[in-house]
Structure formats: structure tokens, C-alpha cells
Amino acid sequence: MFNELTSFKNLYFAYKECLKRKRNTKSAREIEPIYEKILWKIKRELENKTWQPKPYRAFVVKEPGLREIFAADFQDRIVHHALFRIINPILELTFIFHSYACRKKKGTHLAVKNLQKSLKKYSKYGRQVYFLKADIKSFFTSIDKETLIKLIERKIKDGGVIWLIKKIVLINPAKEATKTGSLSLFNKLPKHKSLFWAEGGKGLPIGNLTSQLFANVYLNPLDLFIKHTLKAKYYFRYVDDFVILDTPARKLENYIKRINGFLKKNLLLELHLEKTFIREIEEGIDFLGYIVRPDYILVRKRVVKNFKKKISKAEKKLRERILDHDLLRATLNSYFAHFNHANSYKLKEKFKLKLEKLLNT
């Protein structure tokens with residue numbers, strides 16, 4: 001496996017994947033004229049096991065909530081993609097169907113669509129159905145690295161590949177990271193959401209492709225526990241957000257206790273109990289930016305509110321001639337793509353004329 005990982009062919013395809021949506025960044029433009037030289041250098045360092053991750057760039061984003069992002073150096077992202085290309089097909093076989101994050105032909109829209117299908121099926125004939133909505137407290141900053149590596153070693157046996165995984169996982173990304181963007185946002189971020197305050201041996205950086213894959217590996221035992229031990233038929237997870245449909249409500253109350261116990265004992269995690277609750281499905285399930293009901297799907301109010309803010313900011317920037325029309329169009333299209341997966345005809349019509357006028361400014 002390690003020979004395949006370090007092959008020039010694999011590194012080349014990893015490089016091409018890194019270029020997607022990043023071609024116009026400064027780091028990509030600097031490497032492009034000499035990419036072959038860079039790939040051969042990475043290949044030698046991996047083969048000789050002298051490769052070392054470079055310092056990260058850290059910044060905080062405000063949407064959909066305050067989150068700390070760690071951006072790896074472009075050359076390191078090539079290594080991450082090269083590793084992902086080799087180990088993902090193996091790890092993918094171990095995941096349950098209804099785990100939707102960072103998986104080919106999955107994603108938020110399919111998760112929401114399948115959740116609605118199950119709501120329709122399970123609530124037939126007037127049956128009263130409840131849902132448990134939960135997430136895991138400080139998930140990415142609480143992942144125990146040694147536990148993660150043990151889980152990976154159950155499926156990946158190649159010593160060279162494990163060496164590289166440890167290089168990526170065991171590093172402390174906050175140690176030499178450069179803070180960028182609005183530095184005041186770092187002070188607004190709760191300590192439990194920051195790797196700068198994480199316990200030793202804990203936490204993966206949000207922003208790495210490998211972190212997204214390893215998050216699925218880490219929570220796969222939870223998926224199997226819920227499906228095979230609790231026998232929950234209707235279970236949907238996207239990263240650390242998950243939904244279970246069942247009846248009666250007391251059954252879901254028991255699930256909360258058993259799931260929290262499993263998390264604490266086996267994964268050194270715990271449920272965010274303030275964000276864990278049981279409701280009747282008629283109230284709608286707030287999941288991945290949508291409100292999901294058996295007969296229709298609505299766009300979440302916070303998404304619409306953020307969209308309005310984007311439009312207001314765009315109007316101001318266009319007046320000041322500091323906004324590119326193509327960038328604006330891409331942003332607006334992403335929101336409309338989100339709206340298209342809901343019953344949002346009236347919502348789209350409401351904004352359509354205003355957006356046409358804005359784009360023609």
C-alpha cells in the first residue's frame with residue numbers, strides 16, 4: 001500500500017484534486033510551474049520517511065456559526081489527498097449506509113432526502129412517531145488521537161501507511177500555526193471549540209480532508225452500536241449531528257442514556273445534552289440547514305437570514321466597486337442550489353428580481 005501511496009502517479013492525481021477550486025490561490029499558482037519537481041521531492045521524503053507537516057494557517061469563520069479552521073500548506077494537502085486516495089476505499093467498506101459526511105455520492109442533500117422518505121414511510125396510517133436529535137459535545141477538539149489510531153490500525157495493516165497517518169494525526173496543529181483573518185474572532189470562540197486550548201493528545205483540525213475521513217472512522221463504532229445493539233432502524237448521521245426516528249418516546253429516552261454511556265466508555269466523548277432532545281415529527285426536524293417534515297422540506301430560517309445579509313453586503317460592495325460579479329454569482333448560485341432541495345418556490349421568487357437587478361449593477 002505504501003508503495004502505491006508514494007507512486008508518482010498517485011501523487012500526480014492527488015495534486016490535480018488539490019487544484020480543484022484552488023487553482024487561483026497564491027500557493028497553487030506558485031507551485032504550478034514547478035509541480036513535477038515538487039511531486040518528486042514529496043515522493044522522496046515519503047519514501048525516506050523524512051516528510052514533516054508544515055505549520056498550519058488558522059482562522060475563524062462566522063457561518064454557520066463560529067468555527068476555527070486550520071488550513072494545511074498546499075504541499076501537505078497533496079500528501080493528505082494521496083493518503084485519502086489509498087485508504088478511503090478500504091475504510092469506506094466499513095461504514096454504514098446512512099453516514100453521509102465526506103463520502104462519494106452522499107452529502108447533505110441525500111441525507112435530508114432519505115430522512116424525509118423515512119419520515120413518510122414510518123408515519124403512515126396515523127402512527128405517532130418521535131425523533132431524537134443529538135450532537136456530540138466539542139467533537140473535533142475532543143477526538144482522542146490514540147483511540148483514533150487504534151481504530152484505523154484494525155483496518156490498515158501497512159506499516160508505512162500507519163507511519164504517515166501518525167505523522168498527520170499526532171502533530172499539534174496549533175503549536176506553530178499562524179493566525180490570520182479577523183484575530184478578534186479567536187477571542188470570541190469558546191475555549192472548548194479551539195485547538196489552541198485542547199488537551200494534549202486531543203483534537204483534529206477542521207479543514208483537513210483527512211480529518212473528515214477520520215471523523216467517520218472515529219464515529220463508526222457509534223454507528224454500529226446504534227444500528228446493531230440498539231437496533232435503531234431509522235438512524236441518520238452527518239459528522240457529529242444525528243437523528244433517530246422511533247416510537248414510543250420513552251424508547252428514545254433510553255437511547256440517550258445508552259448512547260452517552262457508550263460514547264464515554266469507548267470513544268471518550270459525550271453528548272451535548274443541551275442540544276439533545278426528543279420531539280414529535282410534526283414539529284419538523286432541523287437538520288443540515290433544512291426543516292424536514294413528512295410531506296415537505298423548508299429552508300432553515302437562519303440560512304435565509306444569512307442569505308439576506310450576503311445580499312446587503314454585496315449591494316454595498318458593488319457600490320464601492322470592490323466586489324467581483326463572478327464571485328457574487330457563485331455565492332448566490334450556492335444558496336439557490338440549497339433552496340432547490342426544499343419546497344422553496346415562493347422563497348426563490350421573492351429574491352429573483354432583486355438578484356437580477358443586483359447582478360446587472
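This section describes helix α11 of a predicted model, its packing against helix α8, and three individual residues.

Helix α11 comprises residues 209–229, 21 residues in total. From its first C-alpha to its last, the helix reaches 30 Å, close to the 30 Å expected at 1.5 Å a residue. The helix nevertheless bends by about 40 degrees at Leu219, and a proline, Pro221, follows within four residues. Of the 21 residues of α11, 15 are buried, so the helix is largely enclosed by the rest of the structure. Just after α11, Lys231 adopts a positive phi of about 60 degrees.

Two packed helices are described by the angle between their axes and the distance between the axes. For α8, which spans residues 145–153, and α11, the angle is about 85 degrees and the axes lie 10 Å apart. Because angles of 65 to 115 degrees count as roughly perpendicular, α8 is roughly perpendicular to α11. The contact is formed by Thr147, Leu148, Leu151 and Ile152 in α8, which meet Phe214, Val217, Tyr218 and Pro221 in α11. By class, this contact has 7 nonpolar residues, 1 polar residue and no charged residues. Pro221 is thus named twice, as a residue of the contact with α8 and as the proline that follows the bend at Leu219.

Helix α8 also contains Glu153. With a relative accessibility of 30%, Glu153 counts as partly exposed, because that class lies between the limits of 20% for buried and 50% for exposed residues. Neighbours within four places in sequence aside, Glu153 is in contact with Ile162 and Lys166. Glu153 and Ile165 are separated by 12 residues in sequence and by 9.9 Å in space, C-alpha to C-alpha.

On the N-terminal side of α11, the loop between α10 (184–188) and α11 holds Ser194. Ser194 has a relative accessibility of 5% and therefore counts as buried. When neighbours within four places in sequence are left aside, the contacts of Ser194 are with Glu68, Thr141 and Leu189.

Tyr255 is placed in helix α12, residues 249–267. Its relative accessible area of 3% means that Tyr255 is buried. Leaving aside neighbours within four places in sequence, Tyr255 is in contact with Leu132, Leu230, Ala232, Ile244 and Asp246. Tyr255 and Ile297 are 42 residues apart in sequence, and their C-alpha atoms are 26 Å apart in space.

Note on methods: Residues are numbered from 1 along each chain as its sequence is written. This is a predicted model: local features need pLDDT of at least 70, side-chain atom pairs count only at pLDDT 80 or more; totals for chains, interfaces and linings use all residues. Side-chain values use heavy atoms; hydrogens and water are left out. Helices (H or I, at least four residues) and strands (E, at least two) are DSSP runs, numbered from the N terminus. The expected span of a helix is 1.5 Å times one less than its number of residues. The bend at a residue is the angle between axes fitted to the seven residues ending there and the seven starting there. Buried means under 20% relative accessible area, exposed over 50%, partly exposed in between (1.4 Å probe, protein chains only). Axes are lines fitted to C-alpha atoms, for helices over the stretch in contact, and angles run from 0 to 180 degrees between N-to-C directions. Angles under 35 degrees count as roughly parallel, over 145 as roughly antiparallel, 65 to 115 as roughly perpendicular and the rest as oblique. Contact means heavy atoms within 4.5 Å. Ala, Val, Leu, Ile, Met, Phe, Trp, Tyr, Cys and Pro count as nonpolar, Asp, Glu, Lys and Arg as charged, and the others, Gly among them, as polar.
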